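User: I would like to learn how to read a strand and a ligand site in a model like this one. Where should we start?

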Amino acid sequence: MNKYYGLKPGTVGKQESEHTAVVRDAAARGMVLLEHDGTLPLKEHSKIALYGFGARNTIFCGLGAASFTSREEVTIEEGLERAGIMVTSKAYLERYAAAIQAEEDAYYAVMRETAKESLIAGVVRMYGEPFIPGPQPVITEEDIKEASEASVAVFVISRTAGEGADRKPVEGDYLLSSEEKENLRILSLNFKKVIVLLNVVGQMDTSFIRSLPNLGALVFVGQAAGVTGLAVADLLTGRVNPEGKLVDTWAEKYEDYPNAENFAAMNGNLDDEVYSEGIYVGYRYFDTFGITPAYPFGYGLSYTDFSITTETVYKENGQIIIDTVVTNTGDRYEGRETVQVYVSAPNGEMEKVYQELIGFEKTDILKAGETQKLQITVDIRSLTCYSEKKAAWILEKGDYLVRVGNSSRNTSVAAILRVEEEILCEQCRNLCMPEWKIEEISPENEVHCGSEKKAAEIAGAKLLTINKEDVKEIVHHYQVPVWEKKENREQTGEETGEQTRGQTGEQNRKDILVFDEKNGDKEVKPRNLLRFEEVIAGKTSLDDFVNSLSAEEMSCLCVGNAGEEDATFVTYGSGNTKTEAVIPMAPGTCDTTRNLIQSRGIPNMHMSDGGSGLRLLPEFEVDREGNLLTEGVISVRNVSKIIGGDYIKDRVNHSVYEQYTTGLPMATLLAQTWDRECWRKCGEIEGKEMQMFHIELWLAPSMNIHRNPLCGRNFEYYSEDPVITGECASAVINAIQSFRCAGVTMKHFACNNQEDNRHATNVHISERALREIYLKGFEIAVKKADPTAIMTSYNLLNGTHTANHYELLTCIAREEWGFDGMIMTDWGTTSQDDRDMHKYKASSCAGCIRAGNDLIMPGSRFDIESLYTAAEEGDMTAEEMRICSKRILRTMIKLEAGRL
Ligand code: BGC
């Protein structure tokens with residue numbers, strides 16, 4: 001029996017319009033004005049000539065897990081028109097749209113053929129071969145003539161990317177295509193001003209655009225789901241004054257990035273990825289090596305101007321407090337400014353980057369002439385670096401310059417923090433060292449991007465001394481891993497306890513399963529088994545319940561429930577819809593955990609992607625008997641197009657439900673707001689919608705670092721900087737988890753920084769770079785927001801799959817940071833398909849459990865059998881299974897799975 005939570009068609013939830021207003025505002029505030037000569041904002045009823053692919057075919061989000069299912073999608077053309085702007089190039093847009101439509105129809109006809117054989121095959125093909133339009137037509141004299149009533153041309157450049165494939169530094173992707181250049185040249189010749197909008201997934205080459213003589217404005221508008229067009233219009237018309245600041249460095253040219261030649265497929269080696277740039281990622285590299293970018297980290301223009309002055313810097317309870325005053329010095333527009341604080345640490349035994357972001361705050365909306373005080377608080381610990389030699393976070397001695405400004409390249413030294421003797425702040429253990437020493441790049445001499453004012457600023461800056469008393473030393477002690485304990489006990493001949501408590505083996509299997517001879521197949525007749533409801537009711541302790549589970553049951557519990565019956569090799573009542581259990585459904589969710597719902601009352605935990613908002617089936621169909629008739633895969637964007645027509649078959653005799661959700665701006669746009677309040681509000685939207693549609697775990701936020709602009713999923717990730725990544729994620733997580741029954745899953749832990757060969761790439765990285773750059777954001781979020789779950793990545797880390805990495809998952813995340821939740825794999829991490837084609841083997845199922853990776857998702861019969869076999873053969877102890885099982889059950893208790 002199933003229970004559905006969708007809305008009846010026509011009952012547009014009040015929340016839909018409220019939530020749309022929030023994300024529209026967030027999107028506009030995250031867009032970054034890169035160039036501006038005063039052309040904007042557009043006046044009311046302005047006329048513009050609108051061109052480019054994205055004008056009418058606006059790209060709303062990248063491909064893959066982070067797609068969205070909002071009711072409405074507003075293109076840039078429509079958004080501008082709704083704001084009262086008159087588009088004079090309608091005839092051109094019609095012709096161009098018809099040409100694209102014809103190409104799209106041909107593409108979907110091919111996809112439909114594959115989908116006819118199997119919908120999944122069609123979806124997989126669509127993922128692998130996304131629709132790429134042919135070269136755009138060159139704008140003709142006729143086109144220009146038709147639109148000549150306007151003096152301003154707006155040209156929209158669009159790019160997409162997504163799961164499974166990286167971008168390329170070629171024309172039409174990272175570079176402009178020759179047709180785009182030609183069109184820009186023509187517009188530049190024929191209109192007084194040209195405004196260029198980048199409706200793209202991340203950085204690209206902007207050199208040609210910047211060379212246009214009459215460039216009025218260049219805006220990185222990104223992709224903001226359904227509200228993209230509305231937010232663009234808000235920004236261009238001045239309803240929102242641009243306030244977004246970049247969270248990535250936009251280089252002059254692709255080759256300027258430190259790993260340009262070696263990133264992923266660029267050097268032809270997809271098996272091994274050597275992070276030879278070490279800690280020099282993004283602005284940390286550009287600033288230290290003295291390379292001038294096109295647009296630096298933290299940069300963004302406004303229609304007004306601001307001044308920032310530092311009033312005082314002082315030390316209090318292990319923190320540095322920076323008091324600043326911000327004034328809107330313009331005379332016309334109101335707006336907001338972000339104060340950014342960086343630190344330049346001294347080079348000591350260890351090399352340091354020129355500067356790193358350590359804090360930021362944003363003003364309220366300031367009217368022209370208005371002033372606001374902003375206080376930025378920085379934990380002294382955030383100044384430390386990781387010494388592999390000492391296996392510790394330390395503060396090397398020397399002078400630390402605190403810089404305050406409104407971009408990484410526009411700061412003033414506000415204070416000097418003097419560390420007189422080295423301070424050991426946190427004693428760890430080296431846990432993820434590379435198999436061989438990585439040759440990392442190093443600046444030959446001190447080039448740096450420091451300003452000439454530096455010496456004078458330093459001389460005038462306030463001096464504060466930092467000493468041992470300011471930072472309480474932490475010393476980590478790590479537990480002995482279960483397998484080591486077992487080996488020790490075996491060596492000393494001590495009883496291991498496995499036989500009595502583990503209940504593994506054939507005898508136990510027979511004890512629990514009663515085969516239904518009549519049907520000649522396995523069916524469960526559970527007898528006197530403890531039930532999870534008894535734990536919930538306080539009649540049984542969780543420990544007793546877990547101890548009562550057989551290895552076979554734990555094999556089912558530690559594996560998700562993809563494929564339902566298929567997954568249930570022991571048929572423990574599983575997701576079989578014909579059982580008596582009431583199974584709450586949220587069709588289109590990624591997956592669930594309901595293998596033991598019938599036999600043990602272990603509820604179903606629903607998980608749903610992803611970074612752009614809940615990805616559910618927007619509409620689904622249920623027959624009179626309560627059977628769901630719509631395949632979940634339809635929640636993948638554009639799948640309805642490969643089905644062709646309405647996928648709801650009978651709107652009269654069947655019940656149709658709706659699950660429209662709110663699309664969030666891509667993660668990078670959200671980060672570009674630098675606005676904790678905005679992150680909180682977006683998190684609240686997720687929390688509310690999770691409650692509404694009964695989703696317990698959001699499969700986001702995605703928190704990998706933008707190591708190189710070509711990574712196909714960068715748009716899903718926040719930034720090249722771990723601090724803004726961690727801060728943004730923490731605000732979103734805290735907001736979501738303030739809702740009852742709602743939890744998050746931070747992903748992909750860790751170093752999922754490329755998409756080509758993402759399942760089998762071995763990342764070779766120094767422990768210092770790993771901890772300071774790639775783990776830092778996760779660490780901040782664990783400490784500030786206590787996320788419910790973590791999802792491991794597909795790749796290997798220094799020779800071990802992250803999914804099987806005991807030191808990463810158990811020692812670092814749990815023991816050092818105090819992560820107390822559940823860890824799950826990414827989807828199909830343990831799948832052995834195609835593995836012969838790769839240098840490195842797939843991760844192992846038992847390896848997940850041993851590492852403390854509690855739940856294998858989405859789960860398959862193979863996974864369950866592998867676990868059970870490993871248990872029987874002693875590759876994994878019952879104690880390890882119990883530890884993981886308990887964490888899964890604890891998560892269910894925390895999220896009240898199946899009870900709301
Ligand atoms: C992605 C994850 C996603 C999962 C479920 C995987 O392919 O890497 O980010 O959550 O699928 O959709």
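Analyst: Start with the side chains of one strand, keeping in mind that this is a predicted model. In a regular strand the side chains alternate between the two faces of the sheet. Here Thr338, Gln340, Tyr342 and Ser344 point one way from S11, while Val339, Val341 and Val343 point the other way, and all are buried.

User: Why is S11 described as largely enclosed by the rest of the structure?

Analyst: Buried means under 20% relative accessible area. Seven of the seven residues of S11, residues 338-344, are buried, so the strand is largely enclosed by the rest of the structure.

User: Which strands does S11 pair with, and how do they run?

Analyst: Strand S12, residues 356-362, is joined to S11 by six bridges, and the two run antiparallel. Thr338 has Lys362 as its bridge partner in S12. Strand S16, residues 398-407, also runs antiparallel to S11, with five bridges between them. For Val343, the bridge partner in S16 is Val402.

User: Now the ligand. Which residues come nearest to it?

Analyst: There are 14 residues around the ligand, and Glu163, Asp609, Arg713, His748 and Asp826 come nearest. The shell divides into seven charged, six nonpolar and one polar.

User: What polar side-chain atoms lie close to oxygen atoms of the ligand, and at what distance?

Analyst: A polar contact is a pair of N or O atoms within 3.5 Å. Asp826 has a polar side-chain atom 2.6 Å from a ligand oxygen, and for Lys747 the distance is 2.8 Å. An N or O atom in the side chain of Arg615 is 3.4 Å from an oxygen atom of the ligand. Taken alone, the ligand exposes 310 Å², and the protein buries 92% of that.

Definitions and conventions
Residues are numbered from 1 along each chain as its sequence is written. This is a predicted model: local features need pLDDT of at least 70, side-chain atom pairs count only at pLDDT 80 or more; totals for chains, interfaces and linings use all residues. Side-chain values use heavy atoms; hydrogens and water are left out. A residue is near a molecule or strand if one of its heavy atoms lies within 4 Å of it. A polar contact is a pair of N or O atoms within 3.5 Å; within protein, one must be able to donate a hydrogen and the other to accept it, and residues adjacent in sequence count only if both atoms are side-chain atoms. Accessible areas come from the Shrake-Rupley method with a 1.4 Å probe; for residues, only the protein chains shown count as cover. Ala, Val, Leu, Ile, Met, Phe, Trp, Tyr, Cys and Pro count as nonpolar, Asp, Glu, Lys and Arg as charged, and the others, Gly among them, as polar. Buried means under 20% relative accessible area, exposed over 50%, partly exposed in between (1.4 Å probe, protein chains only). Helices (H or I, at least four residues) and strands (E, at least two) are DSSP runs, numbered from the N terminus. Two strands pair if DSSP finds at least two bridges between them.
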